[in-house]
Amino acid sequence: MSTLEFTEAEEAFRLEAREWLAANNPGRLPSMDTAEGAAAHREWERTLASGRWSVVTWPETYGGRDASLTEWVIFEEEYYLAGAPTRISQNGISLLAPIIFGHGTEAQKERYLRDMTDGTLVWAQAWSEPEAGSDLASLRATATRVEGGWKLNGQKTWSSRAPFADRGFGLFRSDPSAERHRGLTYFLFDLHTDGVTVRPIDQLDGTPGFAEIFFDDVFVPDEDVLGGVGDGWKVAMSTAGNERGLSLRSPGRFCAAAERLLDLWATDPQSHLRDQVVDAWIGAEAYRLYTWGTVAHVEAGGSVGAEGSINKLWWSELDLSLHETALSLLGADAELSGPWADDYLFSLSGPVYAGTNQIQRNIVAERVLGLPRGGR
Amino acid sequence: MRFGRTPEQHAFSEALDDLLGAADVPAASRAWATGDHSAGLKLWQRLAELGVTGLLVSEENGGLSASAVDLTVAFERLGYHGVPGPWIESVAVAPRLLPGTPEGDLLARLASGEALVSVAPGKRALDADVAERTYALGATLCRAEPGAERTSVDPTRRLFEVTPGEEIATIDPAPALDLGTLACSAQLLGAGLRLLDDSVAYVKQRTQFGRPIGEFQAVKHLLADVRVALDFAAPLVHNAAVELDAGTPTAARAVSAAKVAAGDAAYLASRTALQVHGAIGYTREFDLSLWILKVRALVGAWGTPAEHRARILESLVEAR
Ligand SMILES: Cc1cc2nc3c(=O)[nH]c(=O)nc-3n(C[C@H](O)[C@H](O)[C@H](O)COP(=O)(O)OP(=O)(O)OC[C@H]3O[C@@H](n4cnc5c(N)ncnc54)[C@H](O)[C@@H]3O)c2cc1C
């Protein structure tokens, strides 16, 4: 342990989380991208919520604990150390909820927040389209004004959790005459309503982890516009930072994986891979300390902007190299299905989703280092 | 939760930047490499006035009794500005080594910047020609006479072979070695930051194909990776200092992690700096070479990456 300074209350919070997790954690569940696994993960969200651990930083009125950012990271450290399951509610909790808190109406908060905390409503993020990946602002799916609301048409793709989710959120072009980034509106919609077709797509690991979503005159009432009409881009970008930065990849995840890697190495201490094992540990330790630096900065009133891209580059490359090292250690057994191979397959997607690493490097170069734009 | 530098440490860092930014450090380095120490020693005096030389010396001996974190603040800036001289030896190592030994008389003069010393953690001592005394550090602390000069890849590092002479004291060398390693890590981090800053400035003004080369993605992405590596080495260096100050059981491991990460990041910065500068980056004449060569030398100083990785692994295995 290093000597980060925590208050007594923070240490007490850590202990409470640790004890609760020890008593309730079901361990690794079947993949949440299968019908059986999705049900088990929803059940786990219900359990988490019953202990008020599903959204610790939220206000108590919405099922949270009003916890500080420090406490959130403490909770995440304990969560991963305990080896607790992945979170099927992640999209809702960390990508949608911050927008509802920041831009939503009181009615939207009432309608959606509580159901997000206990797995009742699982959300899918519908941003990407077949022709709009890295260049998200080129999206074409449309929203047309009708009596009392809007009609959505077009296609989204690569939408994680969509095969087993209940609702989606995404951007649609509501004003075709406006420039690329303008005239987009953020909508919430039901995945099981008329005109919506969800076509699951198997990922590299064979599970339907994401899906295409087709919209054929799908009616969405005005009350499901999030933020102002035409403000979709601005609203959406306020969550992109979350996705790349703290919210998606808390340090406990990598520290726990580095520990498991050490266990694996201990079965063959003569391995010539020792330096890679150490580097994985150093990388996870650096990520943990960097995160605490960010937390201290934010709690002192600072903000995280384009630095979120620095963070994303680090965790995605770290995750991949950590798992590649594990597979090297496993030797011929590396091809056998199991936790390392499964997690390795998932780590392959890190440099692609949440903005590819090439796009992140562009952001770091232009917005952090101040290099000139252009030259695409 | 608190993790990061204090306002005083930020102010100290800025004061060092003001002083060193106004001085012609590259000229002092180039002179130092030829054995002309005058400009470098003048710089030494001015840094002494800011308290750098007395950081780890106790207050009774005229020092500041400062923390290891303060030490990293200073060494990061020394590395950033490429200041030559036996700074690690005189400022980070000797003040931990000499108290309680017959050499304790030197401490006050070390603090005031009047005396420079060199300490050989292995076979060679840095800048023994300018040091008032040279020590060899093994299981015991010995005086040493500098012998033949050896040429470093970094010409500003003047190395001399040493053979241990008269034994001065039996000591545990570990705490002093850890401080030397920590200071070296901070220096590497500073040098890496400088290499990145100079590279960013260069690619904004150098044009090819009618555009600043910094517009090209191949160039941008190299520099973005350097920034990422340095940003993640920095908290390891800071944490190692915090752990040394607190005397945690894992402090030595934290120091090794800092050294490996800062060395890797600075080395990546140097390779990238050379690449984006093109041929001018490959010249001695251009000041960039001072940092490129220093980084290569420091990567292997105060413990090689392999030694530090082994130490980390040993500690992790022990802890389970
Ligand atoms: C596991 C996984 C889960 C996902 N989940 C979701 C989800 O829930 N919701 C959602 O909306 N999307 C999701 N995505 C999609 C993801 O956001 C996109 O894949 C990503 O934005 C890249 O878009 P693309 O796949 O169309 O690649 P493209 O944009 O076509 O890029 C292809 C290649 O070209 C490179 N490239 C493109 N433009 C540039 C440029 N300007 N400079 C340098 N290189 C460039 C890219 O870096 C990449 O290497 C998911 C993807 C994966 C892999």
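Hi everyone. I'll start with a small void: the second largest cavity has a volume of about 50 Å³. Keep in mind that we are looking at a predicted model.

So who sits around this cavity? The residues that line the second largest cavity are B:V25, B:P26, B:S29, B:H81, B:G82, B:L290, B:W291 and B:K294. Two elements of chain B, α2 (25–33) and α10, each give two or more residues to that lining. Sorted by class, the lining of the second largest cavity has four nonpolar residues, three polar ones and one charged.

Now to its bigger neighbour in the ranking. How many cavities of 30 Å³ or more are there? The count comes to two, and the largest cavity has a volume of about 110 Å³. Its lining takes in 14 residues, and those nearest the centre are B:G85, B:L126, B:R157, B:Q187 and B:K294. You'll recognise B:K294, which also lines the second largest cavity.

Which helices matter for this lining? In chain B, α5 (87–97) and α10 (288–300) each supply at least two residues to the largest cavity. The largest share, three residues, comes from α5(B). By class, the lining of the largest cavity has seven nonpolar, three polar and four charged residues.

Let's stay in chain B and turn to helix α9, residues 251–277. Does its length fit the expected span, or depart from it? At 1.5 Å a residue, its 27 residues should span 39 Å, and the end C-alpha atoms are 38 Å apart, so the two agree. Is α9(B) mostly covered or mostly open? It is mostly covered, with 20 of its 27 residues buried. Just after α9(B) comes B:G278, which has a positive phi, near 70 degrees. While we're on helices, a quick reminder: an α-helix has 3.6 residues a turn, so residues three or four places apart point the same way.

Finally, a wider view of chain A. Chain A has 11 helices and eight strands. Its radius of gyration is 21 Å, close to the 21 Å that the globule rule gives for 376 residues, so chain A is as compact as a globular protein of that length. Taken along the principal axes, the C-alpha atoms of chain A fill a box of roughly 70 × 50 × 45 Å. Buried residues make up 54% of the 376 residues in chain A. As for contacts in chain A between residues at least 6 apart in sequence, 71% of them join residues at least 24 apart.

That's my tour. Thanks for listening!

How values were computed
Residues numbered from 1 in each chain as written. Chains lettered and ligands numbered in written order. Predicted model: local features only at pLDDT ≥ 70, side-chain atom pairs only at ≥ 80, totals over all residues. Heavy atoms only, no water. Helix = DSSP H or I, 4+ residues; strand = E, 2+ residues; numbered from the N terminus. Expected span 1.5 Å × (residues − 1). Buried < 20%, exposed > 50% of the residue type's maximum accessible area, 1.4 Å probe, protein only. 1 Å grid on protein atoms, 1.4 Å probe; cavity = no way out; pocket = protein on both sides within 12 Å on 5 of 7 lines; lining within 4 Å. Points joined across faces, edges and corners; volume = space filled by probe spheres on them. Nonpolar A, V, L, I, M, F, W, Y, C, P; charged D, E, K, R; others polar. Rg over C-alpha atoms; globule rule 2.2 N^0.38 Å. Contact = heavy atoms within 4.5 Å.
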